Amino acid sequence: MSAPSSTQGVWLKCHVRELAPWATMTERVLSEIISTVEQMKGAAAAQVLRQHGIERLHEVIDTDDVTSLRNQVLERLRQPLLAMATAVGRQVLGWDGDFYVDDYLILRINFPYEVARKTNPASENPGIGRLSATVREQFQARKVIDPVYAPKDYHRGHPPAAWAHGPHIDSWAGHSRDGRNIWWAIGEVPAEAGMVLYPELANASLPCERRTLYLQAGYRLPVPTYLPLAAGEMLVFDPEVLHGTHLNTTDATRVAISMRLNASRPTFDPACFYSREFWRRAADIEQGHDEVLHLRREDNFGAPVAAAPVQTPAAVPVIAGQLDQANGVIHGQLPAAGPDTQRIIVDAAPYRIMLVRTSDGTRAYDAACPHYGVDLADGGCDSDSDKVYCPACAISFDLQTGKSSCPSLTLQPYDIRQDGAAIRIRVAPPEAVAP
Ligand code: FES
Ligand SMILES: [Fe+2]
């Protein structure tokens with residue numbers, strides 16, 4: 001195959017059409033999804049998808065239907081998918097010995113956020129995968145409920161169908177320590193619905209929040225690297241590099257398949273409360289042997305990693321503001337030399353306001369992301385494009401308008417006046433202030 005595009009060994013992109021003999025595998029998956037929808041919803045629904053694309057899936061099925069769709073499609077395509085993943089190991093990564101292939105396959109169906117956020121709270125999380133039928137009972141018997149892990153709190157009451165992955169590395173979530181992930185676009189994946197990576201942090205020691213298994217708050221991120229994919233393109237990446245998902249702010253359903261390889265026998269992080277224990281060997285797959293190995297976590301912990309101390313990047317500077325409740329105004333004093341960074345936080349409880357220099361003057365916004373309330377001071381900021389990035393869902397906000405690509409997610413603006421170093425931020429409209 002032609003040389004894939006690649007960055008620092010962290011990720012590469014390639015196209016399935018160059019993968020022998022799997023060149024038409026994207027079409028095969030699409031056809032399987034559409035024929036399953038036809039059985040579930042009728043010919044007219046299938047016709048919408050054939051005519052207008054898989055991106056219209058949310059118009060013909062509900063999130064409640066996704067579980068059955070995934071079950072059926074992955075059941076029928078399991079063996080070819082595993083064989084295709086093996087071919088990625090051979091042809092893209094150049095692994096010529098035996099290696100391991102995760103039995104856990106994920107068909108990711110992410111409805112547009114504006115649709116997904118109004119769906120049934122009982123619907124399934126788009127990030128849940130499927131194991132082979134032969135090991136499901138064993139998997140259930142090994143299931144562990146951790147008293148600390150509480151993803152629902154993080155997602156603030158949103159139905160699971162609307163969840164997007166916050167920044168994480170996969171071994172925090174029980175995956176093997178030295179895997180390579182295949183993230184394959186079945187339909188178009190624009191940047192606003194795609195994966196994001198933080199390759200600048202490839203070798204950084206990062207703090208995990210055990211409640212979410214995502215990066216701890218308070219760690220200031222760089223600007224995320226967006227990774228849009230054309231239908232059929234695959235991202236093959238090192239999942240020990242911080243990554244996440246852009247909340248799907250498009251009006252299209254995003255469909256992708258994830259698989260995982262390990263060059264050597266998988267090992268797990270003992271700090272996580274569970275592990276992905278079911279694997280296959282590449283040689284078995286290639287020889288048609290339907291065998292799943294159970295690598296019990298307690299027998300396969302990785303050697304303790306000398307935990308390098310976390311070096312938290314310098315935070316956005318914070319100044320104290322004085323809230324004049326009676327007049328609905330916060331007063332503050334910029335540091336003598338003026339803010340030497342693009343942003344500064346004004347802390348005046350209960351307000352926490354982000355001041356930002358743009359190419360068109362200073363703006364003031366609530367520092368809490370309008371989605372989950374995370375602190376935008378932790379997100380990357382790009383002064384050339386006047387954008388700040390949510391540190392959780394990676395969406396960008398235009399600092400001149402406060403708008404994002406999602407109509408329901410706009411920053412809360414405040415009027416700001418500056419007189420030398422003195423600033424005055426109006427937090428309540430004059431008519432709301434008691435006379
Ligand atoms: S927390 Fe999701 S967009 Fe900011
Ligand atoms: Fe991940």
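## Where the two domains meet

Buried area is the accessible area, found with a 1.4 Å probe, that two parts lose on being put together, summed over both. In this predicted model, about 1,800 Å² is buried between domain 1 and domain 2, and carbon and sulfur atoms give 55% of it. On the domain 1 side, R220, V223 and T249 lose the most area to domain 2, together 23% of what that side buries.

Domain 1 runs over 5-299 and domain 2 over 318-432, with bounds from an automatic or database domain assignment. Their C-alpha centres sit 35 Å apart. The contact (heavy atoms within 4.5 Å) takes 28 residues from domain 1 and 22 residues from domain 2.

## What holds hands across the gap

Let's look at polar pairs. Between domain 1 and domain 2 there are 10 residue pairs in polar contact, both at pLDDT 80 or more; that means a pair of N or O atoms within 3.5 Å, where, within protein, one must be able to donate a hydrogen and the other to accept it, and residues adjacent in sequence count only if both atoms are side-chain atoms.

## The iron site

The iron ion (ligand 2) has three protein donors, H168 (NE2), D170 (OD) and H243 (NE2), lying 2.2 Å from it. Donors are N, O and S atoms within 2.8 Å of the metal (3.2 Å for Na, K and Ca), and water is not among the atoms, so sites may look incomplete. Along the sequence, the donor residues are spaced H-x1-D-x72-H. H168 and D170 are both buried, with under 20% relative accessible area (1.4 Å probe, protein chains only).

## Reading the numbers

Residues are numbered from 1 along each chain as its sequence is written, while chains are lettered from A and ligands numbered from 1 in the order in which they are written. Local features need pLDDT of at least 70, side-chain atom pairs count only at pLDDT 80 or more, totals for chains, interfaces and linings use all residues, and side-chain values use heavy atoms, leaving out hydrogens and water.

Note on methods
Buried < 20%, exposed > 50% of the residue type's maximum accessible area, 1.4 Å probe, protein only.
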